[in-house]
Every structure is written in C-alpha cells, then in structure tokens.
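Here are my notes for you to read next to the model. Take the points in order and keep the 3D view open.

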Amino acid sequence: MTTSFDFNRAPFNSLNTAECDRITAALDVAYYSAGSVIQQEGEVVDALLVVMKGLVREAGEASFYGCFDVLDSKSLLNGKACCTLHAHEDTLLWYIRRDVVMKVSDGNSQFAAFFYADVARKLAALGRPVQELQPRVGDAVLHMPCWLAESATVMDAARLMKRAHSRAVLVRETSGMGIFTQSDLRNVVVDGLDANCEAIYRHLKRPLICVKCDDDLHHAMLLMMRHSVQRLIVLEGDEVCGVLEQVELMSAFFNNTNNPRGITAQIGRANCPDELMAAVKSTQQLIRTLHSNGMKITLLAELVGEIRQRLFSRLFTLLAPPEMLQHVCLLVLGSEGRGEQILNTDQDNALIIEDGYQHPDLERVCEQFNQQLITFGYPPCPGLVMVSNPQWRQSVTGYKRQMNIWSSSASSENVMQMAIWLDARPVCGQVALFEGLRHYLQQDLGDNAAFLSRFALPVEQFAPPINLFSRLIATSGPDKHALDIKKGGIFPVVHGLRSLGLEYGVDDCNSYQRIQRLSEMGHLSEGFGLDLAESLAFLQGLQLKAGLVNQAMDKPVDHLIDPAALTTLERELLKDTLLVVRQFRQLISHHFKLGML
Amino acid sequence: MSWSYWHRWRRSRSLALANPQFAYLWDEPCTDEYVSLDCEMSCLDPKQAEILSIAAIRIKGARIIVSEHLKLLVKPAGQIDPASIAVHGLRAQDVQNGMAIETALAELLHFIGPRPLVGYYLEFDLAVLNRLLKPLLGVALPNAAIEVSALFYDQMVTAHRPDVDLSLSHILQTLNLPDLPRHDPLNDALLAAMVFLKLRCQPSLIP
C-alpha cells in the first residue's frame, strides 16, 4: 500500500527494508475529534500509536505530542496503557499492531531500545557506533626534534641527547638535513675518536626518512622496515614536527590510540614549561582519537583529568622554587576539579598558603602559572578564579574567613564561589592544607537547612530547554537556533548533586561518584541514579562532540547545540535526558523546599 | 417507519434473494462498523463500465483497519478505455492476472457483510456494482450508503455560500486531513474513511 508513513524518523529509521514492509502492512489509521479520549490509563494496549496529524495531550501532565511523535511507547512492552491520552486538536493517528512491533523489535535491538522505560537501559542498548579508525602517524607519541648547529661536535650532540632525553639529534645543513643517533655515537666511541673535537657533520646519516603527520601508521612501519631504521622524521607540511621512534610506533599499534602513558612520561620529562606544550597537543589528539573510537565519556573524562592534573602539577613544580611546595597547595576547581572537563574551556584554580608563609616570588609564580596555561590553550577564567587573583591565593586563615562569609550570607555570588570551592581537587603541594579546610567547611554546613536551600537555589536558574510539548526549545546562540546544554542540562544536574553532596557530607566531587555515593546512602533511588548518570554522560558527550567541531574550526568552545545538526536518534535521546534533568530539578526543588524561598 | 417494520421488510427482501448464501447481507449490522469502498473502472459510463480493481477497508469505532483491507484485481471481459488508463494506471496487462468478476464480488460481499458503505462519489461505484450483482444476488445491495461529499456539503452549505467545492482535495484541505497519492483504490478508500470519521461528529447526518 502507498502510505505517507515516514520511516526516516526515530525509531523507525533503524529498520531495514523488510522490517519497514512488515510495519507498513500493520498500519491502521484512527481519527479522534478534539477533546475525545484516545486511551485510558490501564487499558489494554494493542498497538503502537504515532501521531499522523494533530496534537495529543497526556492527562495530568503538561506533555503534548505532535506530528510523528510516538505516543506512550513505554506501555507497549507490558501491554497496558501507562497514561491517559486526549486529542487536544482533531487528531489522526497511525496504529501499528502491537504483535508486529514486538516481533520486529525481537530482531532489532536498536528499535527495541526505544520502548525501554529507563533512559539508562535505553542508552546502553543504543550504544555508540564504534568507528574503526586507521591509526595515523600524528596519533602516535612523537618526540620533539632536537636541533644542533652544523658546527657542533659529537660531544655537543651527546650532551643534548642527555639533556633532552632524546635518542637522536637533527642537523640542518645547507644541503639538507641529517640525523645523528645513539648508535652513531656508539660507533664514534668504538672507533676511538675524540668526541670533543669530532665534527658532527662527518657522522650524519642522510637523507632523512620522512613520513607525513597524517600518513597511515602502517605506512610508517613499512618505511622503517624498508630502510632498516628505528625512527622516522615526521613532517607537517614541509616542517619537521617530531620524531617517531619505533617503540612509540609499536605502542600506538597496540593501543590503537595515542598512548596516555606516553603523554604522562612526556610530562614527567619536561624540563621547562614550553616542553609541556607537546603533551598538551598529544592530549588533544588523544581526546579526538579516543572519542572517535567510541570510548565512554566518563572514562575519557577520568583519563584526561588524570593527565591534566599531572600537567598542572608539573607546570607548577617547574615554575615554583622547590621549597615553596612544602608550604602551599595548588587546587583545580569547578569542572576540572570534578574531573569532568574534557576540552580546555577555561581555567579555574586556587592556591592555599600555609599561615605565616611568605615568599618574594609567590606572586610571580602564580602569574606565570596562569600565563603559561593561557599559552597552552586554557582561556583565562571570566570570573577570575585563578591563582593570579589574590582572592583565590590565600592563607589557611584567610580561606576560613572567606568560608565564614560564604556561609553567613548566601548571596548568589557567595553561593557560586562556594560551589566552585566544593569541587576543588588538590593537584600538588601540601594536600593536608586542603584537607583541613574541607573539614572546616563541612563542620557546620551539613545541617544548616536554611543555608542549604539558598545554596541549592541556582538549580532553578535555568530551565531545561524542553517545553511543555516535549519539544526542544532553541533560543540561544547568535541566530537563536541553538540550545545551551550547559545551562539547561548539565548545570542543574551538577549543582543539584553538589547540594545533596554538601548536605550529606559526600567527599567525592565527581558528579558520577556523587550519584553513586548518594544512591548507596539511599538518598537517590538506584534506578533514577542510573538514569541521571547516563543522562549526564549523554549531555557531556554532546557537549564534547560540539566542542570538537568548534575546535576543528578554530572557534571557541561554547555549549551550544543546534538541534537541527543532531541525528534523529540523538534528538530523541536529548529529549529523554532533558526530561530526566527536569525530574531531577523537581526533586531538588522539593527536597530543599525551594518553592518557599 | 418503525424499527420492527423495517426489520421485517429486510427479512422479506432476503427471502426473495436469488442466492440464499448471501442472506447475511440482511443481518443487523454491528454498531459503529462501516466499510469504506472504492473501485477503479474501465470507463466512465455506468452502463458499460467494468470493474478493474476494488479496495475496501473496515472502520471500527475510531479506527480504520487498513491492515486488514481487501484489495482485488479484476480481469475485465472487454477493453479498457485508454482515457481511464491515464487516471488509474491499470493497463490490460496489469489486470491480466486479475480474478473473475464473480469471484471478486463474492469476496467483496463477504468482506462488507451488512455494514453501511462509505465512499467518495459512491453512487457511480454502486451503480456499476449493482448492475454486476443483479445476476448473483437478484437484488441491489441492501447496505446503507454514506456519501462523504454529501456529508461535507451538508456541513458546509449556507445561504451565503450555496456552492460548495466538493473536490476531494478541497475536502481534505478544509478538514485538515493529510493527502495521499490518489487513484490507488486503497488510498482513495482510506481518504474517504478519514473524511467520514472526521464528519461523523454530526450524528444527525449518519443513518
């Protein structure tokens, strides 16, 4: 039969031709005039209902369903209507016989997942399509090229190798480039030559064997075998951007990704802040590769958080005089502290100074720390939550005073500052300084109901961008076609969890750990906790995806999502997750009696 | 006339039936069940036209049971008017494997039973059907017939607007119903059923 049923919409776009034909053969049509009842809660459900034309209202809820929305899909599994539906306008519905839908979903798990009631199971079943990416040369850990002048001696080369932890140095000559490696050095020694006066250009190997940054890694391996060399010079355009060693090539193969251990080693080897840049770049590559390989967002965030913590720690250690570390503690705050920041958005950091400790260089070190992070691509914090700001560089007593101010009057500014602090994670220095302050803050806040309510209030600040009609609201961005998933989706969840965590003395500052702890303590139901965690992960995944797109176009990372740019499935899941966010917001509002404020 | 009189009259008609196996056509129809009907014909003259295809869909309450529709292809005895081929798209070779008209009519009668019939310009279809049913049934179809364009006319006509556009596309547009590719008998039957369901809210118009 010729129908106008649109199989391009979710969940029907997951069906193959044969399945589409089966559904087509089971299509009925029903008409309901405005105001009439389509189904009563508890009634036997014998069909899946899809709106052909008109508007349907769910009784007792402010949910409306329009053209091509699937009605009450959850009731299909148990065969009993979960809600009462009215025709709000004159409405035409497609009826798809239940037995046929069930049969089709038996053979198609992606289609079946649509009918699961809980978002967590739905997301798990739908999964992320894992793309098999061919590893590229640029995905492997590359060594910074070490350059020597043509006039250098073999001894100069040996010294540079030692200093730079490098196994090869490069020399640019008028006739081209040459390489001098550890084995060449060994030969010089074996030949009994005087390294101090032996000119290096006599021992260079040329021409260099080069690969391009975006060449296949397999190609690089072939080159190494063909020329019996252990390293290749990596070119980006015509410029040398690194050296690929055999060891890294092999490890890149075995991980099929950039190697996180390689990056941490790279961070550990850095002798000056500029050398950390390579690690920052590798981290970005690592994120792209792991993301496109379908790594779960929470794992990715954890991994990247770990690497970045080492980076901050190393950077601060390089800048600060060694004795200073005994008396201060460097913190990362906000999303970085929660371990939920994947792309560099902006910096949030603070320093705790032991009471009475002073150092003439302290201010300079802090300035340099923030400056260097800016060069690494962390924009400065618009709210100036940075160690260069004296407010976030205080003594223990200073912070205690600050905390008293925060908790005595819960102005919105105080609340946000305390919220930032609550997500703090110590990165280097004396962790005991931080532990003491955390304990101090926790002491008198856990049972201060009035304060807790004020603290939780910002949850109400931004409504999820989904309207009463279960439609997405896109009113953000320059052209008003986007929605801000940070404000409307991620923030209410993160802040709600922070508030509950504060009340119940949860030490963890990662949102997923907070969910888990709160579930264990019985303050969140297990099922809802799972839904919440999966929803948050989905939203952060969308945020990352959009961020990577912006990054690829050299645009600043914002949190705007254009619903039109999403796949149908993503759009449906976004609706589902925003409904979970709305539910959580109501839970928080009720729990902290925000309506009474 | 009273219901019992009507009933007796129907009974007496069924006794006069040439072929008693179709007596069920005179049964009392189930409430709230209808059949939407559409036929494609070989030409536009009801005295000559042969049926090429028939589609029928049952309506139960608010639901149009499209999934259990009846769709029959009939092999005509004579020629198909070339002008009509352009409309319905059925060529001689398309209906070559169609069934004999007697078999098709028996299946159709079985499908519709005593239910009232619904259609758009049903009159023409019924004229041809009754002509062909005469030898089989002895009488014309006893089923009530509901013309959706008439329902539409009754609802739309006013003193200020005596002329009502009864084209199907105008009806669909006015009633805010979706359009489907036309001149496929199944789609036409479905469209008529949708028009019927939408206009049925005027109970006085329904027999």
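How many nonpolar, polar and charged residues does the lining of the largest cavity have, by class? Hold that thought; point 3 has the reply.

1. First, the overall picture. Keep in mind that this is a predicted model. Chain A has 597 residues, and 54% of them are buried. Its secondary structure adds up to 22 helices and 20 strands. Now take the contacts between residues at least 6 apart in sequence: 72% of these join residues at least 24 apart. On the outside, chain A exposes about 26,700 Å², with carbon and sulfur atoms supplying 51% of that area.

2. Next, the empty space inside. Rolling a probe the size of a water molecule over the atoms shows where empty space is left. The structure holds seven cavities of 30 Å³ or more, and the largest cavity contains about 160 Å³ of space. It is lined by 15 residues, and those closest to its centre are A:Leu422, A:Arg438, A:Gln442, A:Val506 and A:Asp507.

3. Back to the question at the top. The lining of the largest cavity has eight nonpolar, two polar and five charged residues. Helices α16 (412–422), α17 (431–443) and α19 (485–503) of chain A are the elements that give two or more residues to this lining. With four residues, α17(A) gives the most.

4. Now go to helix α3 of chain A, residues 98–107. Its buried residues are A:Val100, A:Val101, A:Val104 and A:Ser105. Why do they sit on the same side of α3(A)? Because they cover an arc of only 130° around the axis. On the face turned away from that buried side you'll find the exposed residues A:Lys103, A:Asp106 and A:Gly107.

5. What do the buried residues of α3(A) pack against? Their partners in chain A are α1 (17–25), β3 (47–53), α2 (75–78), β8 (91–97) and α4 (109–113).

6. Finally, zoom in on A:Ile23, which lies in helix α1 of chain A. Is A:Ile23 buried or exposed? A:Ile23 counts as buried because its relative accessibility is 0%. Leaving aside neighbours within four places in sequence, A:Ile23 is in contact with A:Phe7, A:Leu15, A:Ile96, A:Val100, A:Val101 and A:Val104. Try finding A:Val101 from here: A:Ile23 and A:Val101 are 78 residues apart in sequence, but 7.1 Å apart in space, C-alpha to C-alpha.

Methods:
Residues are numbered from 1 along each chain as its sequence is written. Chains are lettered from A and ligands numbered from 1 in the order in which they are written. This is a predicted model: local features need pLDDT of at least 70, side-chain atom pairs count only at pLDDT 80 or more; totals for chains, interfaces and linings use all residues. Side-chain values use heavy atoms; hydrogens and water are left out. Buried means under 20% relative accessible area, exposed over 50%, partly exposed in between (1.4 Å probe, protein chains only). The arc is that of the directions from the helix axis to the C-beta atoms. Contact means heavy atoms within 4.5 Å. Accessible areas come from the Shrake-Rupley method with a 1.4 Å probe; for residues, only the protein chains shown count as cover. On a 1 Å grid over the protein atoms alone, a cavity is a set of points where a 1.4 Å probe fits but cannot get out, and a pocket is an open set with protein on both sides within 12 Å along at least five of seven lines; lining residues have an atom within 4 Å of a point. Grid points are joined across faces, edges and corners, and a volume is the space filled by probe spheres set on the points. Ala, Val, Leu, Ile, Met, Phe, Trp, Tyr, Cys and Pro count as nonpolar, Asp, Glu, Lys and Arg as charged, and the others, Gly among them, as polar.
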